[in-house]
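Visitor: I'd like to learn how to read a helix in a protein model. Can you walk me through one?

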Amino acid sequence: MSVWNPENIKDVAESIGIVSLNDDVLQGLSSDIEYRLSQVLEEALKFMRHSKRATLSTHDVAQALKVLDVEPLYGYESTRPLRFGEASIGPGQPIFYVEDEEVDFEKLINAPLPKVPREITLTAHFLSVDGNQPTIPQNPTVADSRTQELVPKGPGVNPHLATINLVDNVTVKPLVKHLLSKELQLYFSNACSAVFDENSDEYRAAALASIRTDPGLHQLIPYFVQFIAEKVTHNLKNLFILTQTLQLTSALLDNKNFYLDPYIASLIPPVLTCLIGRHLGSPATPLSSYSLRTTAATLLGSICRKYAKSSHTLKPRLARTCLKHFLDPTKPLATNYGGIIGLQAVGGIEAVRVLILPNVREYETLIRELLEDEGSPKQAEAEAVLTALISALQTLEADATGLRNGVQNGESADQGRRLQDKVGPLIAGRIMQMGRPMFVKALIEA
C-alpha cells in the first residue's frame, strides 16, 4: 500500500486527456512516485547536513534535483518562509497558493544600492629570479627577512629565549587547531605519566587497564602513536621505559573499540626497534635486553595475526627484515637473537622451516668460536642465541606426523651424522643430548 494517494494521479491523468486508468497502473505509479520523492528528499538532506544547517530549504531540493539529473524547479528560491493561502473553487475543492509579498515602490526606489562585489582575479609573481628576490609587495621585505634570521631555530629551541636575540613580541601559534577537549587532554597527560611511573605498580596497571578497555579514546590514538615513537627514539638505554612503551602498545592493540589499521605502519617501527635494535639498555649488562626483545617478538606476532589480512605485504616485509638481521654477521648477537625470535613469531612453523633451518649450519660457525672461548665476554650471549635457535627448531617437531618414539643404535648413529650435515656439529650435539628422536627425525626430514 503506497502512501501517495492514487486519486491525485487520476486527477492529473484526466487533466491531460487520459480518462480511464487501471487500478494496477495507479498503484504502480503511486509506488514509483513515493520512491522518487524519498530519493529527492534523501539527496536534499545530504546538502542540508553538509551545509551545517538543521532546516531544509528549497535550495537543497533544487540541488538534489540537479544531482539526480532532473530539471530543477524555478520560482521558489526564497530566504524567507513561504506563506500559503487557501482559495476555494467549490465544495471540498480547496486550492493552495503562495501569497505574493507586497513591495512598496517608494521604499524600493529610495533604498541604497548594494555594494558591487569584486571580481575574482588571479595574479602571478616571481618569488625569485636567478636567485635574487624581486622587491614587490607580494614578497617579504628585507626587514622581515632579518627578523626571521634572528628567531632561534631547531627542534630543541625555547621560544621564550627569543627576546635575548632582540626580537620582541614573539607569539607562538599552533600549526593546527586543537580539536581535543580539555577532558581528553587531561586524560592523555595523566595516562602517559601513570604508565611510566616507576614508584607505583598499581598506578601503572590501572592506566593500562583503562587504555585497554575504554571505548571513548579513539581521538587520542594518533597522540598515543606519536608518543610511543618519541619514547622509543629518545630512551634506547632505559629498559624500563622501553618495556612500558611495549605495554602501552599492547594495551592499544587489545582495545576492541579502536580501529588501528591506518596506524599499524606507525606502530611497527618502535616495536621493531625494541626487537632488533643494536644497543638497548646498559652495555655493562648485555643480557638484560633479551627479555625486552622477547616481549617485542610476542607483540609483533600478535600484530601480524590480527592485521595481516588488511595488509597483505605486512608479513613478507617483517620476515625479510628479521631474516636480514639474523644473518648479518656484523650485527651484535642481541640483534641476531631478535631476528631469530622475530622470524618465529611472524612466520610461525613455515618461517622456521624455510628461512631459519637452511641457514642454521652457516650461522652455527659464527657462534661456535664464542661458545668454545671460555673467557669471552660474549659467551653468555652466544648461549642465549643458541637456545633461541634450538627453541625455534623445536616447533618443527609439533608439525611432524607419523614418527616413531624408539630407534635402534645403528639408526641413531646414522641420524646423528645426517643431523650434523643439516645443522652443524654443535647444534646437532645439543639436540642429540636432549634424547628426543622425534625432534631429530623432524629436523632431518624437514
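Visitor: Which residues in α12 are buried?

Guide: Keep in mind that this is a predicted model. In α12, the buried residues are L314, L318, A319, C322, L323, H325 and F326.

Visitor: Why do they end up on the same side of α12?

Guide: Start with the general idea: an α-helix has 3.6 residues a turn, so residues three or four places apart point the same way. Here, the buried residues of α12 cover an arc of only 165° around the axis, and that puts them on the same side. Turn to the face pointing away from that buried side and you'll find R320 and K324, which are exposed.

Visitor: What covers the buried residues of α12?

Guide: Other helices do part of the job, including α10 (264-276), α11 (290-307), α13 and α14 (379-393).

Visitor: And how far does α12 reach from its first C-alpha to its last?

Guide: It runs over residues 314-327, so to speak 14 residues, and reaches 20 Å, close to the 20 Å expected at 1.5 Å a residue.

Visitor: How do α13 and α17 cross?

Guide: For a pair of helices, look at the angle between the axes. The axes of α13 and α17 (residues 425-433) come within 8 Å and cross at roughly 85°. That makes α13 roughly perpendicular to α17. Where they meet, V360, R361, E364, R368 and L371 of α13 face P425, L426 and I427 of α17.

Visitor: Which residues have the most contacts inside the largest nonpolar core?

Guide: Those are L275, L393 and I427, in a core of 85 residues. Helix α13 (residues 333-372) gives the largest share of this core, 14 residues.

Conventions
Residues are numbered from 1 along each chain as its sequence is written. This is a predicted model: local features need pLDDT of at least 70, side-chain atom pairs count only at pLDDT 80 or more; totals for chains, interfaces and linings use all residues. Side-chain values use heavy atoms; hydrogens and water are left out. A nonpolar core is a set of buried Ala, Val, Leu, Ile, Met, Phe, Trp, Tyr and Cys residues joined through side-chain atoms within 4.5 Å. Buried means under 20% relative accessible area, exposed over 50%, partly exposed in between (1.4 Å probe, protein chains only). Helices (H or I, at least four residues) and strands (E, at least two) are DSSP runs, numbered from the N terminus. The expected span of a helix is 1.5 Å times one less than its number of residues. The arc is that of the directions from the helix axis to the C-beta atoms. Contact means heavy atoms within 4.5 Å. Axes are lines fitted to C-alpha atoms, for helices over the stretch in contact, and angles run from 0 to 180 degrees between N-to-C directions. Angles under 35 degrees count as roughly parallel, over 145 as roughly antiparallel, 65 to 115 as roughly perpendicular and the rest as oblique.
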